[in-house]
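I opened this structure to practise reading sheets, helix packing and backbone angles. My notes are kept in the sequence in which I looked things up.

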Amino acid sequence: MSPNAPSVLRTEHLSRAVDGRALVDGVSVEVREGEVLAVVGPSGAGKSTFLRLLNRLDEPTGGTVYLDGQDYRSLPPRELRRRVGMVMQTASLFPGTVADNVRFGPRQRGVELPEAEVEALLRQVGLPGFAGRDASRLSGGEAQRVAIARAVANEPAVLLLDEPTSALDEASKREIERLVAGVVEARGLTCVVITHDLAQAARVAGRVLVLEAGRVRRLGPVEEVLRAESTGP
């Protein structure tokens, strides 16, 4: 990522409170084009809520998010979620074939992906020849790759990943990390990834945001933040 790259995603005092409890509290961060930002923190720190706020799966109770400089509250939710795609911890694929899943998003806006484009997406996530397979018969790692291809098929500007390897074994985890890095680089995506694994953050991200009780505890280059985390508060 160039230090002069434009800002794609910016949160401004982003907050969410439920029943008087602050889940995310005044988070302001800017993510630039082509950047991978890792969000880490203890269980209950607000990581997943923060991610869900970025495409309004959860609604902020304070502050807002700017996408390419535009307040995201002015965007129709479907358009926002096309431009800010999300991959959950565990892939939830739709019934039907792998190709049906990859084509789902574009079909919602009247676009039918040709077979060659579906195959190119599947090849990019390491699943060449999988288009006709039954989505319900895939392994966990294969299903997660299809979920990534499905999100990328929508041509998002930003890809949100909520602990995408937490349900996988170590070999599958490393493979997903490699393919995400390849897809992000090949398509010039901006990426925000939640992880509980500091070592994973070091492998996949350029910067790290540390949340604690919904607030920013640290934010900076990955080496600097992880060094500070290893030496204590």
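The entries below go from the ground rules to the sheets, then to the helices and some single residues.

**Entry 1. Ground rules**

I noted that this is a predicted model, where local features need pLDDT of at least 70, side-chain atom pairs count only at pLDDT 80 or more, and totals for chains, interfaces and linings use all residues. Residues are numbered from 1 along each chain as its sequence is written, and side-chain values use heavy atoms, with hydrogens and water left out. For the element names I used DSSP runs, numbered from the N terminus: helices are H or I with at least four residues, and strands are E with at least two.

**Entry 2. The four-stranded sheet**

I looked up the strand order and found an open sheet of four strands, S2-S1-S4-S5, with antiparallel pairing. Two strands pair if DSSP finds at least two bridges between them. At the edges I found S2 (21-32) and S5 (70-71), each pairing on one side only.

Next I checked S1 (residues 7-18) against S4 (residues 62-67): the two run antiparallel and are joined by five bridges. Which residue in S4 is the bridge partner of Glu-12? I found Thr-64.

I then picked Tyr-66, which lies in S4. Tyr-66 counts as buried because its relative accessibility is 19% or less, namely 18%, where buried means under 20% relative accessible area, exposed over 50% and partly exposed in between, with a 1.4 Å probe and protein chains only. Correction to my last note: the value for Tyr-66 is simply 18%, and the "19% or less" should be struck out.

Leaving out residues up to four places away in sequence, Tyr-66 touches Val-8, Leu-9, Arg-10, Glu-12 and Asp-71; contact means heavy atoms within 4.5 Å. I also looked up Ser-7, which is 59 residues from Tyr-66 along the chain, and the C-alpha atoms of the two are separated by 9.2 Å.

**Entry 3. The six-stranded sheet**

The other sheet I traced is open and has six strands in the order S6-S7-S8-S3-S9-S10, with mixed pairing. S6 (84-87) and S10 (215-221) stand at the edges with a single partner strand each, so one side of each has no neighbour in the sheet. The twist averages 20° from one strand to the next. Here axes are lines fitted to C-alpha atoms, for helices over the stretch in contact, and angles run from 0 to 180 degrees between N-to-C directions.

I checked S6 and S7, which run parallel and are joined by four bridges. In S7, Leu-159 is the bridge partner of Gly-85. H5 packs on this sheet and touches S6 and S7, and the direction of H5 makes about 175° with that of S6. H8 (residues 222-230) also packs on the sheet, touching S9 (207-212) and S10, and its direction makes about 130° with that of S10.

At the S10 edge I found that S9 and S10 pair in the antiparallel sense over six bridges. Leu-211 stands opposite Val-216 in S10. S9 and S10 form a hairpin with two residues between them, and Ala-213 in the turn has a positive phi of about 50°.

**Entry 4. Helix H3 and its neighbours**

I reminded myself that two packed helices are described by the angle between their axes and the distance between the axes.

How do the axes of H3 (residues 98-108) and H5 (residues 140-152) cross? They come within 7 Å and cross at roughly 30°. That makes H3 roughly parallel to H5; under 35 degrees counts as roughly parallel, over 145 as roughly antiparallel, 65 to 115 as roughly perpendicular and the rest as oblique. In H3, Val-98, Asn-101 and Val-102 meet Val-146, Ala-149 and Arg-150 of H5. By class, this contact has four nonpolar, one polar and one charged residues. For these classes, Ala, Val, Leu, Ile, Met, Phe, Trp, Tyr, Cys and Pro count as nonpolar, Asp, Glu, Lys and Arg as charged, and the others, Gly among them, as polar.

I then turned to H4 (residues 115-124), which packs with H3 at an angle of about 100°, the axes being 10 Å apart. That makes H3 roughly perpendicular to H4. Val-98, Ala-99, Val-102 and Arg-103 in H3 meet Glu-115, Val-118, Leu-121 and Leu-122 in H4. By class, the contact of H3 with H4 has six nonpolar, no polar and two charged residues.

**Entry 5. Positive phi in loops**

Most residues other than glycine have a negative phi. I looked up two residues against that rule.

Arg-56 has a phi near 65°, which is positive, and is not glycine. Arg-56 sits in the loop between H1 (47-53) and S4. At 19% relative accessibility, Arg-56 counts as buried.

Glu-163 has a positive phi near 45°. Glu-163 is found in the loop between S7 (158-162) and H6 (170-187). Is Glu-163 buried or exposed? Glu-163 counts as buried, at 13% relative accessibility.
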